[in-house]
Amino acid sequence: MQVELVSPEAVLFSGECTQVVTRTVDGDIAFLDHHASFIGALDIGQTQLWASDGIVTLAINRGFVEVSNNVVTILSDAAFAADEIDVAAAQADLATAQAAVNADGDDEDAKAALAWAQTRIAVAEAA
């Protein structure tokens, strides 16, 4: 199947894959060749693409996924491949977000910032 992963900054991936696993707001979902049509909202999390040269893992910060006619299109608000992640910046963001969550456990923006920092660190460390 053809996979297109696009963020506002760039096309992060365009090519053939045998499988895609990504996180939607309803949980993780996997797409294989000729998957039924699908549209879903993405949550903060990892996306894995099984490409011909190996598995590509990316940190995804929300967006949308659409599957139609054997094409998976992922539009993300922000996305980074493991080698593009600034781990020091992600760790600083993690500390800031954790402090904000500790100060106000109901702060949804702080919780999202915490999840985004954790996801970037996890993707970078797994590479």
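1. Let's start with the secondary structure. This is a predicted model, and its chain holds 2 helices and 7 strands. Read from the N terminus, the order is β-β-β-β-β-β-β-α-α, so you can follow the strands through before you reach the helices.

2. Next, the overall build. The radius of gyration is 15 Å, which agrees with the value near 14 Å that a compact globule of 127 residues would have. Along the principal axes, the C-alpha atoms occupy a box of roughly 45 × 25 × 20 Å. Of the contacts with a separation of 6 or more, 50% join residues 24 or more positions apart.

3. A few words on the surface and the interior. Buried residues account for 38% of the 127 in the chain. The exposed area comes to about 6,700 Å², with carbon and sulfur atoms supplying 51% of it. As for charge, the chain carries 4 positive and 20 negative charges, and the mean positions of these two sets are 8 Å apart.

4. Thr57 is a good residue to click on. You will find Thr57 in strand E5, which covers residues 54–68. Its side chain makes a polar contact with the side chain of Gln48, at 3.5 Å. Setting aside neighbours within four places in sequence, the contacts of Thr57 are Gln46, Thr47, Gln48, Phe80, Ala81, Ala82 and Val123.

5. Now take a look at Arg120, in helix H2 (residues 108–126). Is this arginine buried or exposed? Arg120 counts as buried because its relative accessibility is 10%, and the cut-off for buried is under 20%. Not counting residues up to four places away in sequence, Arg120 touches Ala59, Phe80, Ile85, Ala90 and Asp93. Phe80 is thus a residue to keep on display, as it is listed among the contacts of Thr57 and among those of Arg120.

6. Finally, two loop residues deserve a look at their backbone angles. His34 is not a glycine, yet it has a positive phi of about 60°. Most residues other than glycine have a negative phi. His34 belongs to the loop between strand E3 (27–32) and strand E4 (38–51), and with 62% relative accessibility it counts as exposed. Asn70 also has a positive phi, about 65°, without being a glycine. Its place is the loop between E5 and strand E6 (71–76).

Notes:
Residues numbered from 1 in each chain as written. Predicted model: local features only at pLDDT ≥ 70, side-chain atom pairs only at ≥ 80, totals over all residues. Heavy atoms only, no water. Helix = DSSP H or I, 4+ residues; strand = E, 2+ residues; numbered from the N terminus. Rg over C-alpha atoms; globule rule 2.2 N^0.38 Å. Buried < 20%, exposed > 50% of the residue type's maximum accessible area, 1.4 Å probe, protein only. Contact = heavy atoms within 4.5 Å. Areas by Shrake-Rupley, 256 points an atom, 1.4 Å probe, with all protein chains shown as cover. Lys, Arg positive; Asp, Glu negative; His and termini not counted. Charge placed at Lys NZ, Arg CZ, Asp CG, Glu CD. Polar contact = N/O pair within 3.5 Å; in protein donor to acceptor, adjacent residues only side chain to side chain.
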